[in-house]
Amino acid sequence: MQLSEQELRRRHEREELEKMGINPYPSETFEVTATAKEIKENFDKDKNNYQEVTLAGRLMSRRVMGKASFAELMDSTGRIQIYVSRDDIAPGENKDMYNTVFKKMLDIGDFIGIKGYAFVTQVGEISVHVTELKVLTKSLRPLPIVKREIDENGNEIVHDGFTDPELRYRQRYVDLIVNPHVRETFKKRTQLVSTMRNFLAEKGYLEVETPILQPIHGGAAARPFKTHHNTLDMTLYLRIANELYLKRLIVGGFDGVFEFAKDFRNEGMSRFHNPEFTVMELYVTYKDYNWMMDLVEEMVEKVALALHGKTEVQVGENVINFARPWKRYTMYEAIEHFTKIDISNMEEPELRQAAQQLGIHVDPTMGKAKIIDEIFGETAEPNLIQPTFITDYPVEMSPLAKKHRDKPGLVERFEAICNGKEICNAFSELNDPVDQRARFEEQLELAKRGDVEAMALDEDFLRALEYGMPPTAGLGVGIDRLTMIMTNSNSIQDVLFFPQMKPERREE
């Protein structure tokens, strides 16, 4: 391994600390009693509070001025200035703790623990006067140097920022250190999930877990990841959806179940797609898709209020308002609205002609459903910025949805589209086992035509339906997509701690 001059120097400092009897990686607990943010927000020099505090964090800057120095400590809440005096941290005759350890052996990025008291400097900055200092972790690799300054208008100017997406996503740990604002995105993601979880739990629905390794990939039209279990000597798939297992639980007698699940699809990658993604699926008995639309409006509105304190969210150049009620179109209405073409009574040959007329490429493996989906995805979906429900899909597009009660050839299904992308999908769930078997068999015919995303036939799921599943409404929400919108993030990689990346190129 080729080491830089800085890396060699830091390794040497590590050895020197050990020779001095200082463990650069101590194991005992270091009790922290305050945070940088807490002190900066609550210190009052008139009250003389925070006079005995211990903090820990990374050393992020240092200005040595002979027998005393100013430095900056960063913990999980932010940065605070610290004042380090030689005679305070080395009160006896031996001044090595200041002269050697602090001035020569510590670097930007090292973790230290300090004890001291809060005060205000002559220029009015809240700081901590250090009375004791302890080395907690020696950093062997230098951080990127990001310089920040405030211009005459009070705006922060960043120089040499750690902004390369390839490096940021691959080295997320560095990104979080030098770009603290990135942490806020992931805090909001956690808050979003917690809000949804609490909302559903308060309604009495049970959170459950279903298998990730499945013998049949079902519940969605997608290409799976395939693996092999040696002991059982059988092929298994990483789940593409958890729908069919959650419906088995409805058959078993639960009135409402939901799961926050990791799903996997062996498909293309883009700023909206990652092969590993998070979805929340919900199934509630004796409800239909109209009821589920109302629930989605209520839940997402609550998420916006929890994260932003209001229903309006800035997303790029758009202000999106999640206040109820949302606009609603049928799928055919949306396509006609944006293309002026009514495809509602077209069969496959006419649909191919319509797609060609609109400049949309369709290949011979695509059936009627795929062609309609392509037309909608190219002409209507990108233009739906405000949250909008698209309802009543063609039956060929939805093998797991119940046929429409009033409109032949359609199913009771909706998707919520926002900022030009789907954020959720829902059905009045198909619970007729005879109809479900016929739909699966249609999917098998599509697979024979070369459709690698066609659903497999799941005999055990059909057996469960034959025992009887009550009328049920089902919902799937893409957590990553919803987080992108709620945090004004341009790419799905920005809301995943560790997105999938190409193999790293390493120099020999």
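How many salt bridges does the rule find across the interface of domain 2 and domain 3? That is the question I would like to start with this morning, and before I answer it I should say that we are looking at a predicted model.

Let me first set out the parts of the protein. The chain is divided into domain 1, which covers residues 5-143, domain 2, which covers 148-178, and domain 3, which is made of two stretches, 182-326 and 386-494. If we take the centres over C-alpha atoms, domain 2 and domain 3 are separated by 36 Å.

Now to the place where these two domains touch. Six residues of domain 2 are in contact with six residues of domain 3, and between them the two domains bury about 500 Å², with 51% of that area on carbon and sulfur atoms. On the domain 2 side, Tyr169, Arg172 and Leu176 together supply 78% of the area buried against domain 3, which is more than any other three residues supply.

So here is the answer to my opening question: the rule finds one salt bridge across this interface. Looking at charged partners, we see that Arg168 forms a salt bridge with Asp494, and the closest N and O atoms of that pair are 3.7 Å apart. Across the interface of domain 2 and domain 3 there are also three residue pairs in polar contact, counting pairs in which both residues have pLDDT 80 or more.

Which helices carry the side of domain 2 that touches domain 3? Helix H5, residues 165-170, and helix H6, residues 172-178, each supply at least two residues of that side, and the largest share, four residues, comes from H6. If we sort the residues of this side of domain 2 by character, we find three nonpolar, three charged and no polar ones.

Let me turn to the annotation. An unreviewed UniProt entry places "domain: Aminoacyl-transfer RNA synthetases class-II family profile" over residues 186-503. Over that stretch the chain is 34% helix and 24% strand, and its end C-alpha atoms lie 25 Å apart.

I will finish with two details of the backbone, each of them in a loop between strands. The peptide bond from Arg324 to Pro325 is cis, with omega near -5 degrees, and Pro325 is found between strand E15, residues 318-321, and strand E16, residues 327-330. The other detail concerns Asp233, a residue other than glycine whose phi is nevertheless positive, near 50 degrees; Asp233 lies between strand E10, residues 226-229, and strand E11, residues 234-238.

Technical notes: Residues numbered from 1 in each chain as written. Predicted model: local features only at pLDDT ≥ 70, side-chain atom pairs only at ≥ 80, totals over all residues. Heavy atoms only, no water. Domains from an automatic or database assignment. Contact = heavy atoms within 4.5 Å. Buried area = accessible area lost by both parts, 1.4 Å probe. Salt bridge = Lys/Arg side-chain N within 4 Å of Asp/Glu carboxyl O. Polar contact = N/O pair within 3.5 Å; in protein donor to acceptor, adjacent residues only side chain to side chain. Nonpolar A, V, L, I, M, F, W, Y, C, P; charged D, E, K, R; others polar. UniProt positions renumbered as here; feature names shortened; annotations may be inferred.
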